[in-house]
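Here is a short tour of a protein chain, written for someone who likes to think in terms of contacts, areas and strand order. Have a look at the model first, and then we can walk through it together.

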Amino acid sequence: MQTTPHGIWLPLITPFRDDDVDETSLRRLIRHYAASPIDGLILAATTGEGLTLDEDETARLVEVSRDELRSVGRSMPLYLGLSGSDTRKLVKGLHHTSEWPIDGYLIACPYYTRPSQDGLYRHFAMLAGSTPRPILIYNIPYRTGVNLGNETMLRLAALPNIQGVKDCCADAMQSFDLLQQCPPGFSVLTGDDALFYTALTQGADGGILASGHIDPAAFASIRDLLSSGDQPGALAAWRALADLPRLLFAEPSPAPIKHWLWRVGLIDCPDLRLPMTGVSDDLATRIDLEIARRVHSRG
């Protein structure tokens, strides 16, 4: 099991049917991605509609996912998404999940309350001190309303189990500066699918990519080409792939991803839980056409 997150990580969708977690589809997804070049899975995060899951559902999600990975003999890191604006509640959540078969956590910055940089530091420092497991920070200010700055991030990077960040800061200079300044052993994984290639060329360690649900091998090949020094080949591969994230984020995620997975038979139902809703008829048509195009190009 890797100690420092790197490569292609998938924030797995949670399949629903009749408003329950669809375990049959979940097992099918785990088997599918276990056979792909995915380097890690994250459960119950934003793409997994984690805020709509109750405690029993989340526990079952973890149990089924780990069981299926074991059944296919795949050793893959399994992280759990956590979020909230009450540090004490999150500490309790870490304690409550301490015996769950997971390998680490993806924890978003506190949302809505917009704490200071000192408050953010103390928040994550307390969480890091409450678990021996590795923590990835999720910095996504356009969702949370607060940006964790690089000075604070580097202070947190000095803590032994703060192992990296899912970077969605939406500030190209901040991301570039962090990549130049972060210490060895601290991973920067882009969470902006459309900037995956750019992030890798600037030194990112990989990505946590919702678009990876559709073509994980294509994302992995770009990483591998850059690692081998074939920048022209990587750029050509990215140009062929770049429209996919645009399509999958044309409407609120994960609805487009669920529609695609349903149409190709990986899940039995594209249902979401309110307030998330399914894709529009127009986008459904566009996705169906892209699926057909890909099938035709392989045929």
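A residue is called buried here when its relative accessible area is under 20%. By that cut-off, buried residues make up 53% of the 299 residues in the chain. Please keep in mind that this is a predicted model.

**The chain as a whole**

Let us begin with the overall dimensions. The C-alpha atoms fill a box of roughly 55 × 45 × 40 Å along the principal axes. A compact globule of 299 residues would have a radius of gyration near 19 Å, and the 18 Å of this chain agrees with that. About 13500 Å² of the chain is exposed, and carbon and sulfur atoms supply 51% of this area. Looking at contacts with a separation of 6 or more, 72% of them link residues that are 24 or more positions apart.

**The barrel**

The secondary structure comes to 13 helices and 10 strands. Which strands close into a barrel, and in what order? Eight strands do so, in the order β1-β4-β5-β6-β7-β8-β9-β10, with parallel pairing. On average, neighbouring strands of this sheet are turned by 25° against each other, direction ignored. Strands of a sheet pair through backbone hydrogen bonds, either parallel or antiparallel.

The table lists some of the parallel strand pairs.

| Strand pair | Bridges | Citation of residues |
|---|---|---|
| β1 and β4 | three bridges | β1: residues 7-11; β4: residues 40-43 |
| β5 and β6 | four bridges | β5: residues 78-82 |
| β6 and β7 | four bridges | β7: residues 135-139 |

Some individual partners help to line up the strands. W9 stands opposite G40 in β4, and I42 stands opposite Y79 in β5. Three bridges join β4 to β5, and these two strands run parallel. Between them the chain passes through helix α2 (residues 55-71), giving a right-handed β-α-β unit.

**Two enclosed strands**

In β5, five of the five residues are buried, so this strand is largely enclosed by the rest of the structure. L78, L80 and L82 point one way from β5, while Y79 and G81 point the other way. In a regular strand the side chains alternate between the two faces of the sheet.

How many residues of strand β6 (residues 104-108) are buried? Five of the five are, so β6 is also largely enclosed by the rest of the structure. G104, L106 and A108 point one way from β6, with Y105 and I107 pointing the other way. The chain reaches β6 from β5 through helix α3 (residues 87-96), and this β-α-β crossover is right-handed.

Y105 is a handy landmark here: this residue is the bridge partner of L80 and also stands opposite I135 in β7. One more pair in the register of β5 and β6 is G81 with L106. Moving on, β6, helix α4 (residues 117-128) and β7 make another right-handed β-α-β unit.

**A buried arginine**

Finally, let us turn to a residue in a helix. R294 is found in helix α13 (residues 281-298). Is R294 buried or exposed? At 14% relative accessibility, R294 counts as buried, because the cut-off is under 20%. Leaving aside residues up to four places away in sequence, R294 touches I214, D215, L241, L244 and W260.

Key. Residues numbered from 1 in each chain as written. Predicted model: local features only at pLDDT ≥ 70, side-chain atom pairs only at ≥ 80, totals over all residues. Heavy atoms only, no water. Pairing = 2+ DSSP bridges. Axes fitted to C-alpha atoms, helices over the stretch in contact; angles between N-to-C directions. Rg over C-alpha atoms; globule rule 2.2 N^0.38 Å. Buried < 20%, exposed > 50% of the residue type's maximum accessible area, 1.4 Å probe, protein only. Contact = heavy atoms within 4.5 Å. Areas by Shrake-Rupley, 256 points an atom, 1.4 Å probe, with all protein chains shown as cover. Right-handed = clockwise from strand over helix to strand, strands pointing away.
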